[in-house]
Amino acid sequence: MGKKKTPAINSSSTADIAFLLLCYFLMTTTMGSQTGLSRRLPPMPEKDQKVEDTKVNRRNIIIVRINSADRLMAGGEPIDVTFLKEKVKEFLSNPYDDPNLPEKEIKEIEGFGACPVSKGVISLQNDRGTSYSAYIAVQNELVKAINELRDEFSTRTYGKKFLQLPEDKQEIVKKAVPQNISEAEPKEVGKK
Amino acid sequence: MSKFRKSDDREVPGISSGSLSDIVFMLLFFFMVTTQMRETENKVMVKLPEATEVVKLERKDLASYINIGPPTRTYQAQYGTDARIQLNDSFKTTTDIRDFIAAERDAMSEGDRSFMQVVIKADQDVRMGIITDVKQELRRCSALKIMYQARKAE
């Protein structure tokens with residue numbers, strides 16, 4: 001009878017402590033869901049470098065312009081943003097080898113072999129008054145066009161969607177369907 | 001004396017709250033893992049534009065943020081409602097971006113510097129003029145990897 005039981009420690013307050021901690025983390029942190037459109041800016045041209053040497057063949061470039069009223073112009077004609085994707089896809093894939101659409105260059109791709117790669121470049125120009133949401137909408141359509149072309153290419157060659165391919169295959173597809181979007185030097189487009 | 005006789009003085013046993021803390025701890029760990037520390041206080045209101053083709057930001061530790069948008073209510077009296085640039089914790093102009101990028105670069109380890117990415121977090125209603133200025137300034141400091149932050153549209 002000399003043994004004495006240690007009294008159980010009341011554990012009901014640990015919940016309160018944990019709640020306090022929980023509230024602290026809820027307040028000070030943000031959910032990690034940051035998404036966006038990734039881009040690479042062209043390097044600044046050197047001062048003595050001529051601008052002329054970057055000129056590309058007329059047929060290899062499509063100019064997409066957004067004016068200050070968020071109106072869109074692609075390849076010389078006004079167009080709605082919903083038609084932009086098809087236009088860009090046609091431009092980049094050039095299925096019937098139209099002489100007005102960009103030429104293709106046979107390129108050796110490591111791990112794949114020779115493959116015709118379009119030399120087309122999308123040049124995106126905007127006005128200072130263009131709204132950011134319109135700009136992102138256009139950027140989104142351009143990326144969508146390229147993603148769909150990549151999907152088509154990868155289903156044709158590997159029988160799988162682009163995102164389901166292993167990384168090395170993705171690199172090959174990326175080389176075969178490059179993302180050539182040039183964000184041009186700022187210009188005044190359609191200023192009123 | 002039946003075996004199943006009810007005793008009248010029986011009380012409802014108290015519910016043990018010992019496991020409550022375990023549940024809360026589980027919630028706590030969930031939030032600790034899925035969230036990240038908020039480094040700066042937002043001084044500009046940013047409603048991100050929507051896009052469908054978004055990709056995830058790969059390395060958050062390599063990202064520097066440039067917030068662009070109209071100042072929040074509390075700062076509107078002081079700074080107006082025109083879109084402003086926020087770097088770290090204060091309102092800045094495009095000329096300060098150079099210092100900001102240099103500071104961010106210095107904070108990174110040598111090997112990571114070339115992977116630095118600048119996230120442009122701009123409100124959907126800002127005009128492209130200010131963003132073009134920012135982009136030109138970034139090109140000048142050769143911080144070429146950028147990301148336009150956008151929400152994923154369903």
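**Exercise 1. The seven-stranded sheet**

In this predicted model, determine the strand order of the open sheet of seven strands and state what kind of pairing it has.

Solution. Step 1: read the sheet from one side to the other, which gives E3(B)-E2(A)-E8(B)-E7(B)-E4(B)-E5(B)-E6(B). The pairing is mixed.

Step 2: find the edges. These are strand E3 (55-56) and strand E6 (90-92) of chain B, each of which has a single partner strand, so one side of each lacks a neighbour in the sheet.

Step 3: take one pair within chain B. Strand E4 (residues 63-69) and strand E5 (residues 84-87) of chain B are antiparallel and joined by three bridges. Within this part of the sheet, B:Asn67 has B:Gln86 of E5(B) as its bridge partner.

Step 4: add the helix. Helix H4 (residues 128-140) of chain B lies across E4, E5, strand E7 (117-122) and strand E8 (145-149) of chain B, and its direction is at about 170 degrees to E7(B).

**Exercise 2. The strand from chain A**

Work out which strands of chain B pair with E2(A), and in which sense.

Solution. Step 1: on one side, E2(A) and E8(B) run antiparallel and are joined by five bridges. Two bridge partners can be named here: A:Arg40 is matched with B:Lys145, and A:Leu37 with B:Tyr148.

Step 2: turn to E3(B). E2(A) pairs with E3(B) over two bridges, again in the antiparallel sense. In this pair, A:Gly36 is opposite B:Val55.

Step 3: place both pairs in the sheet order, where E2(A) stands between E3(B) and E8(B).

**Exercise 3. The contact between the chains**

State how many residues each chain brings to the contact, and break down the side of chain A by element and class.

Solution. Step 1: chain A contributes 41 residues and chain B contributes 48 residues.

Step 2: on chain A, at least two residues each come from helix H1 (12-28), E1, strand E2 (35-40) and H3. H1(A) supplies the most, with 10 residues.

Step 3: sort the side of chain A that touches chain B by class, which gives 17 nonpolar, 19 polar and five charged residues.

**Exercise 4. H1(A) against H1(B)**

Describe how the axes of H1(A) and H1(B) are arranged, and which residues make the contact.

Solution. Step 1: the axes of H1(A) and helix H1 (residues 20-34) of chain B come within 8 Å, with a crossing of roughly 15 degrees. H1(A) is therefore roughly parallel to H1(B), since angles under 35 degrees count as such.

Step 2: assign the hand, which is left-handed for this crossing.

Step 3: list the residues. From H1(A) the contact includes A:Phe19, A:Leu22, A:Phe25 and A:Leu26, and from H1(B) it includes B:Phe25, B:Leu28, B:Phe31 and B:Met32. By class, the contact has 14 nonpolar, two polar and no charged residues.

**Exercise 5. The sheet of chain A**

Give the strand order of the open sheet of five strands in chain A and identify its edges.

Solution. Step 1: the order is E5-E4-E3-E8-E9, with mixed pairing.

Step 2: strand E5 (77-78) and strand E9 (181-183) of chain A are the edges; each has a single partner strand, so one side of each is without a neighbour in the sheet.

Step 3: strand E4 (residues 72-74) of chain A pairs with E5(A) in the antiparallel sense over two bridges. A:Ala74 is opposite A:Glu77.

Step 4: H3(A) packs on this sheet, where it touches strand E3 (61-66), E4, strand E8 (121-126) and E9 of chain A, and makes about 155 degrees with the direction of E3(A).

**Exercise 6. H2(A) against H3(A)**

Classify the crossing of H2(A) and H3(A) by angle and by hand.

Solution. Step 1: the axes of helix H2 (residues 81-93) of chain A and H3(A) come within 9 Å and cross at roughly 40 degrees. H2(A) is thus oblique to H3(A).

Step 2: the crossing is right-handed.

Step 3: residues of H2(A) in the contact include A:Leu84, A:Lys85 and A:Val88, and those of H3(A) include A:Glu141, A:Leu142 and A:Ala145. The contact divides into nine nonpolar, one polar and five charged residues.

Terms used
Residues numbered from 1 in each chain as written. Chains lettered and ligands numbered in written order. Predicted model: local features only at pLDDT ≥ 70, side-chain atom pairs only at ≥ 80, totals over all residues. Pairing = 2+ DSSP bridges. Helix = DSSP H or I, 4+ residues; strand = E, 2+ residues; numbered from the N terminus. Contact = placed C-beta atoms within 7 Å. Axes fitted to C-alpha atoms, helices over the stretch in contact; angles between N-to-C directions. Nonpolar A, V, L, I, M, F, W, Y, C, P; charged D, E, K, R; others polar. Parallel < 35°, antiparallel > 145°, perpendicular 65-115°, else oblique. Left-handed = near helix turned anticlockwise from the far one by under 90°.
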